[in-house]
Amino acid sequence: MPASNKSNKNGCLLRMQRLVVHRGRSLASVAAFVFFFAAPQLFAQDKNPFAGDAKVAKLGESQFRANCAFCHGLGARGGGRGPDLTRAQKRHGNADADLFRTINEGVPGTAMPQNGATQQGVGMTEAEIWQLITYIRSVQVKSSAQPLGDAAHGKALFFGEAVCYTCHMVEGKGGRLGPDLTTTGSARSTDYLIDSVRNPSRRLAQGLSEAMKEFSQEYETVNVETADGQKISGVILNEDHFTVQMLDLREQLHLFEKDKLRAFEKSRKSLMPAYDKNMLSDKDLQDILAFLLSVGAQ
Amino acid sequence: MSKPLMKKSHCASLLLLVVSGLAASSAQSQVTPQRLLDSAKEPQNWLMYSGDYSGHRFSALDQINTSNAATMVPKWAYQTMAGGKFETTPLVVDGILYGTGQDDRAYALDARTGRPIWQYQRALPADIRPCCGRVNRGLAILGDKVFLGTLDSHVVALDSKTGNVLWDATAFDYRKGYSITLAPLAIKNLVIVGVSGGEYGIRGFIDAYDAGTGERKWRFYTVPGPGEPGHETWEADSWKIGGAPAWITGSYDPATNTTFWTTGNPSPSNRGIGRAGDNLYSDSLLALDPDTGKLKWYFQFTRHDEHDWDATQVPVMIDQGEKHLIAQANRNGFFYVIDRSTGKLISSNPYAKVTWSNSKDAEGRPLSLKDASPTLEGNRVCPGAAGATNWMSPTYDPQTKLFYVTAREQCDIFSTAPQPFEEGHAYYGSAYFPNDDTEPFWGALRAIDPETGKIKWEWKHPSPTWSGVLSSAGGLVFTGDAEGNFIALDAATGKALWHFQCGASVYSSPMSFAVDGKQYVSVAAGSALFTFALP
């Protein structure tokens, strides 16, 4: 495979294609009343013809590995940028038809591409998409993925005692030094979220993505010393070989040319403290997760 | 200007103007096979993908050099307005720049200003099978034609004066997974191309077409058929879908009349079950007779590849005294030096992190560890699927005698995904995962001494780049990064002397040319071809 830049896509073209698809669908809905023959294709995308078929799920697993696992991880448990799909609750709809639409049309404004628009291959056929959905259903957790926590208490902790809000935003409220957590609850597995709180430096969260750039900027820690001896610590918003764009601990933006700095030092030790059980009990953590999940599910 | 000309509008002088104009323009457009052989005599022109037949990607121009590179400025940009990766290396012949773009665009520009003279875009079918972007890497030029390999697996000759299609040859049925993305190579009166499609279970080949008529003169299948040597390296019928596409431009040694081509992964890329054997001639260097397409010798870099380590890196011809060599920094992480006349391995040294091999065979070829194979649950191996380098061109600078290559430091978790073969459908047999390391992936431009295999210096990229490298007689190397910078470095030390922010990642290999005594350097980034010069 020549190039593995799987996120690469033509945003503008994609949007235009989506527009066409959406228009096509609404036109088809109208047509369905008028022309009977328009109906079967539309209905074919509503219900999984292979539901519960273990053999088909196996085929779907291959489709998943080849097409989805790069972002959504092995076993659909979530990866670098793709949400955990073993969740019963899917952010963009739980019904078969919703899953079909999400896979086929992508999710505008996210890294989820339209089927066949990843510039890898020619996309999946309708049957292959249903195989894939059969697989996703087979690995979906049976019970509610909702952690057994108290979301109201979690919210109080988030915006209070646990001081998460000083660095993280939820629904427009909070700080900017860490990633906005509004949709994180629906996108990440519980294990991932727990690990992010207990051991935040193990895997830094991804920040800014640029259209053609293969990898997103991560929430790296930075310490600089300016030419006049001022020492500034904070988080990197973006960086290239020659410049850095950073926020200091008071969320002040600094733009530096690196060769004009006396010192520039990056670290993959997150600015976020590792919340051990003394700082945040398992129960309180479950409550915070319950809060994030309740927000994310909205 | 026009006024004095108008006043002097005598018939005779007009006629003279017209005739001399015609003579000049026809002299400009004729690129003879001899000119291609003698490309060193016209350093102002960039006559083929790698600049010359040796694959050096070296410009003998030195107007821009270590003493003044810091003052370089952008002169013009040409916008294709197309999305996706822009991978072209343009050609320049006598003041005219010929380039390609996404979705098989082609264009001729005034090389001094970037103003278009003609533009072409192929009407592609909706169901083409590109692997990794609707990309094209450039043209070949010969006579009064430029040659374009297309995503629907055709070879097209365009009139270099108009962009009109002069002939259109079908290489293969694109619906079976074949496409062409490389810049063709013109040798004598032939246009040589290789196919892409290693992700579709194709059977790879290299073709030669008559430049005048488009008639196919020969085809070399990179996967031998029944009765041919090497066929025994394929299990059962696996050869029929064996892959081994040849998707990067080769080089040519006129002294021995040998053209060198490289091949990609066996199919499916990460699953060796069902294709037991070495899988010749996947991941190989091929020495072919350009007149007949007959194989003289081969060298296989990665036997029975299960990691997608295409050997499709431009084969670079290096001469060290009496030694005539080919150097290649391979996607599998080793830098190989091979005798150009025999195909015998001279040395192999890692130039990036390698975990798949810790020993060599009697000939000095790295041997694969048994446990490096992908598994269903995933197995971490370095380099990763994108390789220690990829298709982006390296450069060899005959002044510093160093080989410069874009390296990538990334390990991946390789997992198999058993998959039935279906003609024309993606056939990876694999899934990749960026691994869970705390170390981020990064890249570097590395200067390798081919005599020792040792790295003389490196320039670190914050993240891996898909930019190739150009060296020049001005003591400079040029490369781009994923953050959008186009950078000039001192070839001897690796110190950056100049950079320009292009606004999008560089996915191309730069080149240099001169018009009216002024040197320019061009690189494609984002949707634009940027051209720089001294102020």
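User: Which residue stands opposite Asn238(A) in strand 5 of chain A?

Analyst: This is a predicted model, in which local features need pLDDT of at least 70, side-chain atom pairs count only at pLDDT 80 or more, and totals for chains, interfaces and linings use all residues. Residues are numbered from 1 along each chain as its sequence is written, while chains are lettered from A and ligands numbered from 1 in the order in which they are written. Strand 4 and strand 5 (residues 243-248) of chain A run antiparallel and are joined by five bridges; strands are DSSP runs of E with at least two residues, helices are runs of H or I with at least four, both numbered from the N terminus, and two strands pair if DSSP finds at least two bridges between them. Opposite Asn238(A), in strand 5 of chain A, stands Gln245(A).

User: Which residue in the turn between strand 3 and strand 4 of chain A has a positive phi?

Analyst: Strand 3 (residues 221-225) of chain A pairs with strand 4 (residues 231-239) of chain A over five bridges in the antiparallel sense, and one bridge couples Glu225(A) to Lys231(A). The two strands form a hairpin with five residues between them. In that turn, the residue with a positive phi, of about 90 degrees, is Gly229(A).

User: How many residues link strand 4 to strand 5 of chain A in their hairpin?

Analyst: Strand 4 of chain A also takes part in the hairpin with strand 3 of chain A. The hairpin that joins strand 4 of chain A to strand 5 of chain A does so through a number of residues equal to three.

User: How are helix 3 and helix 6 of chain A oriented to each other: parallel or perpendicular?

Analyst: The axes of helix 3 (residues 54-67) and helix 6 (residues 126-139) of chain A come within 7 Å and cross at roughly 100 degrees; axes are lines fitted to C-alpha atoms, for helices over the stretch in contact, and angles run from 0 to 180 degrees between N-to-C directions. Angles under 35 degrees count as roughly parallel, over 145 as roughly antiparallel, 65 to 115 as roughly perpendicular and the rest as oblique. Helix 3 and helix 6 of chain A are therefore roughly perpendicular.

User: How many charged residues are in the contact of helix 3 with helix 6 of chain A?

Analyst: Residues of helix 3 of chain A, including Leu59(A), Glu61(A) and Phe64(A), meet residues of helix 6 of chain A, among them Glu128(A), Leu132(A) and Tyr135(A); a contact requires C-beta atoms, placed from the backbone, within 7 Å. The residues of this contact divide into six nonpolar, five polar and two charged. Ala, Val, Leu, Ile, Met, Phe, Trp, Tyr, Cys and Pro count as nonpolar, Asp, Glu, Lys and Arg as charged, and the others, Gly among them, as polar. The number of charged residues is two.

User: How many of the five residues of strand 17 of chain B are buried?

Analyst: A residue is buried if 20 or more other C-beta atoms lie within 10 Å of its own, exposed if 12 or fewer, and partly exposed in between, with C-beta atoms placed from the backbone. Ser284(B), Leu286(B) and Leu288(B) cover one side of strand 17 of chain B, and Leu285(B) and Ala287(B) the other. Strand 17 (residues 284-288) of chain B is largely enclosed by the rest of the structure, because its buried residues number five of the five.

User: Which residue in strand 17 of chain B is the bridge partner of Trp261(B)?

Analyst: Strand 17 of chain B runs antiparallel to strand 16 (residues 258-262) of chain B, with four bridges, and antiparallel to strand 18 (residues 295-300) of chain B, with five. Towards strand 18 of chain B, Leu288(B) stands opposite Leu295(B). Towards strand 16 of chain B, the partner of Trp261(B) is Leu286(B).

User: What is the average twist of the open sheet with the order 2-38-37-36 in chain B?

Analyst: The four strands of this sheet pair antiparallel. Its edge strands, each pairing on one side only, are strand 2 (73-79) and strand 36 (511-515) of chain B. Strand 2 and strand 38 (residues 528-533) of chain B share six bridges, with Gln79(B) partnered by Ala528(B). From one strand to the next, the twist averages 30 degrees.

User: How many other C-beta atoms lie within 10 Å of that of Ala111(B)?

Analyst: Ala111(B) lies in the loop between strand 5 (105-110) and strand 6 (116-121) of chain B. Not counting residues up to four places away in sequence, Ala111(B) touches Val92(B), Gly95(B), Ile96(B), Leu97(B), Phe513(B) and Val515(B). Ala111(B) is buried, and its count of other C-beta atoms within 10 Å is 29.

Terms used:
Two residues are in contact if their C-beta atoms, placed from the backbone, lie within 7 Å.
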